[in-house]
Amino acid sequence: MTSDATHSVSDVVNAFEERRTLTGSLSHREHVMIAWHYARTRPAPQALAELAHGIQELAVALGKEGLYHETLTWAWFSVIRERMERFGVDASWEEFAAAAEDILAGRALEPYYDRAVL
C-alpha cells in the first residue's frame, strides 16, 4: 500500500470527488489536502459546504457515517484557511505542508479543544 504522502493533490481530490479513497480510508493528511485545495479554488463558504457534504457522503460510502463531526470540520477548515492567509494563498501544497506541520500532525486544534474531543 502506498503512503498517502506520495499521492498528488489532484489524485486525492479526484478520488474524494468520486467518493472513494486511494488507500481504503481517508487519512488526516488527505483531509487537510482536500480542504486546502477547496480553500484555494472556491470562495470560503462554498468550499466549506462542499467539503462538509463530500466528507459526509464519503463516510457513508465507507460505512463510517458516525465519524463525521460538523464542528471539527469547520474548525479544521478555519485553521487551514487562516494558515493559508498567513503563509500565502498562492503557496504550493508542499510549501503549505512545510509551514503547517502542526495541522498535519493533528495538533493545531489543541489550544481550542480538549485532546479527548479530538
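**Close-up views of an all-helix chain**

**Figure 1. The whole chain, end to end.** Start at the N terminus and walk along: the elements of the protein chain run α-α-α-α-α-α. That gives 6 helices and 0 strands. Keep in mind that what you're looking at is a predicted model. The radius of gyration is 13 Å, close to the 13 Å that the globule rule gives for 118 residues, so the chain is as compact as a globular protein of that length. Along its principal axes, the C-alpha trace spans about 35 × 30 × 30 Å.

**Figure 2. Inside and outside.** Of the 118 residues in the protein chain, 41% are buried. On the outside, the accessible surface comes to about 6,600 Å², and carbon and sulfur atoms account for 52% of that. Now for who touches whom: take the contacts with a separation of 6 or more, and 61% of them are between residues 24 or more positions apart.

**Figure 3. Two tryptophans, edge to face.** The chain has 4 aromatic pairs in total. One of them brings together Trp 36 and Trp 93, edge-to-face, at 5.4 Å centre to centre and with 65° between the planes. This pair links distant parts of the chain: Trp 36 belongs to helix α2 and Trp 93 to helix α5 (residues 93-99), 57 residues apart. Trp 36 has a relative accessible area of 6%, which is under the 20% cut-off, so Trp 36 counts as buried. Trp 93 is buried too, with 6% relative accessibility. Add Phe 96, and Trp 36, Trp 93 and Phe 96 make up one aromatic cluster.

**Figure 4. Arg 19 in its loop.** Look between α1 (9-17) and α2 (28-41) and you'll find the loop that holds Arg 19. The backbone here does something worth a second look: Arg 19 isn't a glycine, yet its phi is positive, at about 60°. Its side chain has a partner as well, with the charged end of Arg 19 sitting over the ring of Phe 16, 5.2 Å from the ring's centre. Is Arg 19 buried or partly exposed? Its relative accessibility is 23%, and buried means under 20%, so Arg 19 counts as partly exposed.

**Figure 5. Another arginine over a ring.** Here the players are Arg 42 and Tyr 38. Arg 42 lies over the face of Tyr 38, and the distance to the ring centre is 3.9 Å. For the matching view with Phe 16 and Arg 19, where the distance to the ring centre is 5.2 Å, go back to the previous figure.

Technical notes:
Residues numbered from 1 in each chain as written. Predicted model: local features only at pLDDT ≥ 70, side-chain atom pairs only at ≥ 80, totals over all residues. Heavy atoms only, no water. Helix = DSSP H or I, 4+ residues; strand = E, 2+ residues; numbered from the N terminus. Buried < 20%, exposed > 50% of the residue type's maximum accessible area, 1.4 Å probe, protein only. Phe/Tyr/Trp six-rings, centres within 6.5 Å; stacked < 30°, edge-to-face > 60°. Lys NZ or Arg CZ within 6 Å of the ring centre and 35° of its normal. Rg over C-alpha atoms; globule rule 2.2 N^0.38 Å. Contact = heavy atoms within 4.5 Å. Areas by Shrake-Rupley, 256 points an atom, 1.4 Å probe, with all protein chains shown as cover.
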